[in-house]
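Q: Could you walk me through one of the charged contacts in this model, and then through the packing around it? I'd like the cut-offs spelled out as you go.

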Amino acid sequence: MGRAKSALDHLNSGREPHIIHVIPPGAPGYREANGGAMVVSSPAEVDEMVRRIGPGEVATLDDLRAALAHRHGVETACPVSTAIFAGMSARAAEELRHAGRSPDQLTPWWRLLKRGGFLNPKLPGGVERQKMLLEAEGVKVSPLRKHLAVFDYEARRAAGLGES
């Protein structure tokens, strides 16, 4: 048996984005596409988009999906694959951090939030690690309905995320 693939292996897999023109009813993204097409991005493309979020800025997964859809000229981006690829990007950045890469060379995964400005417990180190990294950039994180969130996330939204 070979070794399990690392997050970096997945990130650099060479996988290319592709468009789904007919989305089956009930499939993720079906309602949002409203009869239109959906892009299934790639780990590398998601990583590249997350790198556009500057210090002190944030974006939600929905913002990222909207930017991907705009880039590919379709109605929506797949919610499932986008979240999975964002997680791969975060784990790859942490692999690089542990290998000694300087923090300014890492993909800033901690700047990517869930809908409503909530921190994501599925990212490396959970919400406490994400909170620590956000607060190091001057972003205030506080409890909201029993979960940690960035209250002013709308004002901090990354301006350059949708640019190609």
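A: Let's start with R65, which is buried, at a relative accessible area of 7% (buried is under 20%, exposed over 50%, and partly exposed in between, using a 1.4 Å probe on protein chains only). Before going on, a caveat: this is a predicted model, where local features need pLDDT of at least 70 and side-chain atom pairs count only at pLDDT 80 or more, while totals for chains, interfaces and linings use all residues. Also, residues are numbered from 1 along each chain as its sequence is written, and side-chain values use heavy atoms, with hydrogens and water left out.

So what does R65 pair with? R65 makes a salt bridge to E32, with the closest N and O atoms 2.9 Å apart (a side-chain nitrogen of Lys or Arg within 4 Å of a carboxyl oxygen of Asp or Glu). This pair ties together distant parts of the chain, since R65 sits in helix 4 (residues 61–72) and E32 in helix 2 (residues 30–33), 33 residues apart. Helices here are DSSP runs of H or I with at least four residues, strands are E runs of at least two, and both are numbered from the N terminus. E32 is partly exposed, at 42% relative accessible area, whereas R65 is buried.

Helix 4 has a second long-range link further along. E48 and R71 form a salt bridge, again with the closest N and O atoms 2.9 Å apart. Here E48 belongs to helix 3 (residues 43–50) and R71 to helix 4, 23 residues apart. Both ends are partly exposed: E48 has a relative accessible area of 28% and R71 has 25%.

For a contrast within one helix, look at E94 and R97, whose closest N and O atoms are 3.0 Å apart in their salt bridge. They are three residues apart in helix 5 (residues 79–98), so about one helical turn separates them. In general, an α-helix has 3.6 residues a turn, so residues three or four places apart point the same way. E94 is buried at 8%, and R97 is partly exposed at 21%. Back at our starting residue, salt bridges with shared partners join R65, E32, D62 and R115 into one network. The whole structure holds 13 salt bridges.

Now the packing. The largest nonpolar core has 20 residues, and V46, I53, L64, L68, L112 and L161 touch the most other members (a core is a set of buried Ala, Val, Leu, Ile, Met, Phe, Trp, Tyr and Cys residues joined through side-chain atoms within 4.5 Å). Helix 3, helix 4 and helix 5 are the elements that each give two or more residues to this core. R65's own helix, helix 4, gives the most to this core, with five residues. Leaving out residues up to four places away in sequence, L112 touches V50, I53, A59, T60, L61, L64, A86, L123 and Q130 (touching means contact, heavy atoms within 4.5 Å). Another core lies apart from the largest one, with 17 residues that include L113, L123, L133 and L134.

Where does helix 3, the home of E48, fit in? Helix 3 packs on helix 5 at an angle of about 70°, the axes being 8 Å apart (axes are lines fitted to C-alpha atoms, for helices over the stretch in contact, and angles run from 0 to 180 degrees between N-to-C directions). That makes the two helices roughly perpendicular (65 to 115 degrees; under 35 is roughly parallel, over 145 roughly antiparallel, and the rest oblique). On the helix 3 side the contact uses P43, V46 and D47, and on the helix 5 side T82, F85, A86, M88 and S89. By type, the contact residues split into five nonpolar, two polar and one charged.

Six of the eight residues of helix 3 are buried, so the rest of the structure largely encloses helix 3. Those buried residues are P43, E45, V46, D47, M49 and V50. Their cover includes helix 1 (7–11), helix 4, helix 5 and strand 5 (112–113).

Notes:
Ala, Val, Leu, Ile, Met, Phe, Trp, Tyr, Cys and Pro count as nonpolar, Asp, Glu, Lys and Arg as charged, and the others, Gly among them, as polar.
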